[in-house]
Every structure is written in C-alpha cells, then in structure tokens.
Amino acid sequence: MVARATPSAGDLAPDTLPRVRTIVVQHPLVDHKLTTLRDETTDSATFRLLVEELVTLLAYEATQQLRTTSVTITTPVAQTTGVHLSWPRPLIVPILRAGLGMLEGMMRLLPTAEVGFLGMVRDDDSLIASTYADRIPHDLDSRQVFVLDPMLATGGTLVTAIDLLLARGASDVTAIVLLAAPEGLQHVEEAYTDKPVDVTIVTAGLDLRLNEVGYIVPGLGDAGDRLYGVV
Ligand code: URA
C-alpha cells in the first residue's frame, strides 16, 4: 500500500518537525471502494459495507506507530521473542453519528482497543461544531487515540474533538477520515503546528474544496445520511 505523506521525521531537523502529518493512502482497492462510495446510486447497505472495508484498509496505515512491548513466547517448536501491543490499550473514538459507521472496520483490526464516544453536531448556518455527548475517559494519560469521522470538511469538528482528547492527556491522536478537504486540513495544521502534540490524519482521498454550504466537492454527500438515511 502506498501512502503519500507530508515530510517524514527523518527528513527534517528536530526543531522543524511537522506536528501534523497527513497520509493519503493510495491503493487500487482503496480507490475502487472510494469511487463506489462517491457514486450517488450506491444504496445504504452497500455504502455501510464499503465504509467498513475501507476503514480496515486505512487502519492498517493509521496504526503504523502503535506502541508495542517485547515478549518471549514458546511456539510448538522453540522459544522466541515477539511483541504485544503496549498498555494502556489504544482508544478508538467514533464521532457520532457518521463515525459510528467506521467503528466495525476499525475494531476488526484492533479488537482489543477500548472505545469512547463523542457526539458532535455541526450548525448548518455557522458550520460551528458543538458537543452533545461525551463518553470519553477523563484520564487519557499516555493513550494513543484514533478518532473516526468520515468527512474532514471545515475541520471544526475534528479540532474540537482533538482539543478535548489532548486536554485529557492523550499522547498522540490519529484521525481516520474517508475524505478530506484542503480547507479542513489547513485548519487542523494551523491549530497544532506550534503545539507540542502529534496529530496524524489518514485519509483515502484529498478532494478539491468545500462548496458554499460546507460540503466536500466532489465528495460523497452527507456521510451520515448515506449510512443511515436522512434524519
Ligand atoms: N459532512 C458530510 O457528511 N459531508 C460533507 O461533504 C461535509 C461534511
């Protein structure tokens, strides 16, 4: 799987390390599934299935930096060393409502992770995000956190969510999104560039722009509606 990323740590002097990394995953299966998701004729049942499959592929890239601990085990043949995922376990945070459609695909790859929930809604006129449900542990000291939200549009929802996670002690935050708009990426980069935090965004596609009502162009429409029907 090819991932196009902003410069890697090895390329830069320590004081110029980027605090926000964006990884656009490039793979024929990712592109194929994304194209079917974008298609307005794709029905909700197929859409949900494809989102799960796509997230599992993105999760493979997004978990590259998971912390591990060396262990010694005995195979049927000999003793050897390997690794287990470190403690504390990673935390997965789907942002309700649409992020819920990504949870199953993520848990398939990380079944031992814990899950917290954030309910956030974007005001249709101001496009400002507000939090209506917070089921996140109060102490996230040293936790690696994976936020799931299909659409990185203005970036307002994601920045509000990441601020909350960092305020509770998360050591690093990786957001997995299906599609990102340049405006949203810029918002996230500006929010964390000068802060001592590590934020990574992993996406299947970087689209052209936002339209006048804050939708990603060409995008895939309202992800929540496509997953669950219009409220
Ligand atoms: N949220 C969506 O569901 N779709 C967009 O295009 C932008 C925000």
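In this predicted model, S142 is placed in the loop that runs between β8 (129-135) and β9 (144-148). Although S142 is not a glycine, its phi is positive, at about 65°. Most residues other than glycine have a negative phi, and most peptide bonds are trans.

The backbone also departs from the trans form at two prolines. The peptide bond that leads from W87 to P88 is cis, with omega near 0°, and P88 belongs to the loop between β4 (79-85) and β5. The bond that joins V217 and P218 is likewise a cis peptide bond, with omega of about 0°, and here P218 is found in the loop between β14 (216-217) and α6.

From the backbone we can turn to the open space in the protein. Rolling a probe the size of a water molecule over the atoms shows where empty space is left. The largest pocket holds about 780 Å³ of space. It is lined by 29 residues, of which A98, M120, R122, D222 and G224 are the closest to its centre. Two or more residues of the lining come from each of the elements β5 (91-96), β7 (117-122), β10 (151-152), α4 (156-167) and α6 (223-228). By character, the lining of the largest pocket divides into 16 nonpolar, 7 polar and 6 charged residues.

Where does the ligand sit? The ligand sits in this largest pocket, and the residues that surround the ligand are R122, M151, A153, G214, Y215, I216, G221, D222 and A223. Two of these, R122 and D222, are also among the residues closest to the centre of the pocket. The shell around the ligand is made up of 5 nonpolar, 2 polar and 2 charged residues.

Within this shell, backbone atoms of the protein approach polar atoms of the ligand at several points. An oxygen atom of the ligand lies 2.8 Å from a backbone N or O atom of I216, a residue of β14 (216-217), the strand that precedes the loop holding P218. A nitrogen atom of the ligand is 2.8 Å from a polar backbone atom of G221, while a polar backbone atom of A223, a residue of α6 (223-228), is 2.8 Å from an oxygen atom of the ligand. On its own the ligand has 240 Å² of accessible area, and the protein covers 88% of that area.

Technical notes
Residues numbered from 1 in each chain as written. Predicted model: local features only at pLDDT ≥ 70, side-chain atom pairs only at ≥ 80, totals over all residues. Heavy atoms only, no water. Near = heavy atom within 4 Å. Polar contact = N/O pair within 3.5 Å; in protein donor to acceptor, adjacent residues only side chain to side chain. Areas by Shrake-Rupley, 256 points an atom, 1.4 Å probe, with all protein chains shown as cover. 1 Å grid on protein atoms, 1.4 Å probe; cavity = no way out; pocket = protein on both sides within 12 Å on 5 of 7 lines; lining within 4 Å. Sits in = over half its atoms within 2 Å of the grid points. Nonpolar A, V, L, I, M, F, W, Y, C, P; charged D, E, K, R; others polar. Points joined across faces, edges and corners; volume = space filled by probe spheres on them. Helix = DSSP H or I, 4+ residues; strand = E, 2+ residues; numbered from the N terminus.
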